[in-house]
Amino acid sequence: MSFSLSLDRRGFLKALTATAGAGALAGLSGAARAADAATPWQNWSGNQSARPRNLAYPADEDGLIELIGQSKGTVRAFGGSHSFSGVVPTDDTLISLEALSGLHANDDGALRFGAGTRIAQAGARAWDEGRSLTNEPDINLQSLAGAIATGTHGTGLGLPCLSGQVEALTLIDMAGRRHALTAADGDLFHAARCSVGALGLITDVTLRTEPAYRLEEHTWTLPLDEAMAFVESEKDNFRNIEFFAFPLGGTAIVKTMSLTDRQDDNLAQDDSNDLLELVCELAMRAGWLTPSLQKLVTLFVEENRRWGPAHRIYANRRTVRFNEMEYTVPAERGIECLRKVCDTLRQQDLNVFFPIEFRYVAADDSLLSMFSGRPGASLSVHQYYKQDHRPVFAAVEPVLRACEGRPHWGKLHSLGARELRGLYPRFDDFQAIRRELDPQGRLLNAHLKKVFVDGAPA
């Protein structure tokens, strides 16, 4: 979750004091939490960790194949560690593909990257080649392999998630066999494009790209009902469109992006992470202030435009940690579902400052992406990492499920194989491929056993 804040900082802090919240600020220390030095691996928010017997960094594909052959027990991989669900942890072998990175080839605009390449690096290298990725998410620190495995996405009703931009990939299965896959390989390719790391380890990814393009971003605030109406009516008229709903404050931050020919880059953006963290701390300590704080934030967000190379506009620097649940519902049910989620948060008087991020994404033909066979509206619900996320997520998950929602593979959810099978028409086809490539289930940690095995037909 990332939203641009260009704040009138002096005015905001003055208004904050006037809300009688100043007393709750007393004694606040730096909110950043130091990671446990004894923990070999921990994800970004700190809600997932692991102490693997073997934490491995293979230097190349041959080294990875050798490592798989020598490994025992469960094997998992990690990239940028931006998944909140339990897709990574294992007590056995945990692998980083960081060394398998960089641009390997440019075949007429189809760019082949090492699987460990971060999205930010891929966007920058594409630009050097006179290309741009078709779309990017608003946090770009994930590895390409991890982002593709979990269906990571940006926003835009005509634009697919990263999995939908894959033209080819190389997959190493648990027998050490190398599979160079394209659309000609049918279901195996479509399964591997979004596999939650359950088929093998990806070593390189080829992405379809566009001739280099530039974007102009426009950010402004609206009352929440007006924001919903605007996005619903204008979703086909902007290349990228999203908004951040503050249900308790009845306000929203709207963001659109459009192609531009302007060459005079205007990339300046206030870094308000310190102020955002301060407000999160205050909302956590004085929940009765949260509706007022949500209103204040949007009152002091200044309308802003910036423009430049696409990869410089998509993502924002975010350091304030949170935990996240995201479900994708059919695009036509998006606003309806958001209204129900907002009503639920208000009715149950749940203290959550972070806004709900609302985005549209095009359909694709992968077997297990959240957008498989249908365009979607994604609703991302967040809770500040120091607060217990469970009451909020437990309240909204039934609403999201009732709207035919599919959970993001890298975000927190409670579903197992039985429920997921009903959400994906090709779930059994994926399962057959998974059992063929990993018959012993060595890629399944505790979380993935729940997702793919527990309660599923034999």
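The second largest cavity holds about 60 Å³ of space in this predicted model. The cavity count comes to 2 at 30 Å³ or more, and the largest cavity has a volume of about 650 Å³. The points below cover these cavities, strand β11, the nonpolar cores and Gln-42.

**Second largest cavity**
- Its lining consists of Asn-135, Glu-136, Pro-137, Asp-138, Gly-154, Thr-155, Asn-240, Glu-242, Met-257, Tyr-314 and Arg-359.
- By character, this lining divides into 3 nonpolar, 4 polar and 4 charged residues.

**Largest cavity**
- The cavity of about 650 Å³ is lined by 45 residues, of which Ser-83, Ala-145, Gly-146, Ala-147 and Thr-150 are the closest to its centre.
- Two or more lining residues come from each of β4 (75-78), α5 (144-150), β11 (201-211), β16 (322-330) and β17 (356-361).
- Helix α5 gives the largest share of this lining, with 5 residues.
- The lining of the largest cavity comprises 19 nonpolar, 18 polar and 8 charged residues.

**Strand β11 and its partners**
- Strand β11 is largely enclosed by the rest of the structure, because 8 of its 11 residues are buried.
- Strand β7 (residues 110-114) pairs with β11 in the antiparallel sense over 5 bridges, and Phe-113 stands opposite Val-205 in β11.
- Strand β9 (residues 166-172) runs antiparallel to β11 and is joined to it by 6 bridges; here Leu-169 stands opposite Val-205 in β11.
- Strand β8 (residues 131-133) also pairs with β11 in the antiparallel sense, over 3 bridges, with Ser-132 opposite Glu-210 in β11.

**Nonpolar cores**
- In soluble globular proteins, nonpolar side chains tend to be buried together.
- The largest nonpolar core in this model has 124 residues, and Phe-243 and Phe-452 have the most contacts inside it.
- Apart from the largest core lies another, of 6 residues, among them Leu-215, Ala-310, Ile-313 and Tyr-314.
- Tyr-314 thus appears both in this core of 6 residues and in the lining of the second largest cavity.
- Leaving aside residues up to four places away in sequence, Phe-243 touches Leu-224, Ala-227, Met-228, Val-231, Ala-252, Ile-253, Val-254, Ile-335, Leu-338, Ile-356, Glu-357 and Phe-358.

**Gln-42**
- Gln-42 lies in strand β1 (residues 41-42).
- Gln-42 counts as partly exposed because its relative accessibility is 25%, a value between the cut-offs of 20% for buried and 50% for exposed.
- A distance of 9.5 Å separates the C-alpha atoms of Gln-42 and Val-88, which are 46 residues apart along the chain.

Key:
Residues numbered from 1 in each chain as written. Predicted model: local features only at pLDDT ≥ 70, side-chain atom pairs only at ≥ 80, totals over all residues. Heavy atoms only, no water. Core = buried A, V, L, I, M, F, W, Y, C linked by side-chain atoms within 4.5 Å. Buried < 20%, exposed > 50% of the residue type's maximum accessible area, 1.4 Å probe, protein only. Contact = heavy atoms within 4.5 Å. Helix = DSSP H or I, 4+ residues; strand = E, 2+ residues; numbered from the N terminus. 1 Å grid on protein atoms, 1.4 Å probe; cavity = no way out; pocket = protein on both sides within 12 Å on 5 of 7 lines; lining within 4 Å. Points joined across faces, edges and corners; volume = space filled by probe spheres on them. Nonpolar A, V, L, I, M, F, W, Y, C, P; charged D, E, K, R; others polar. Pairing = 2+ DSSP bridges.
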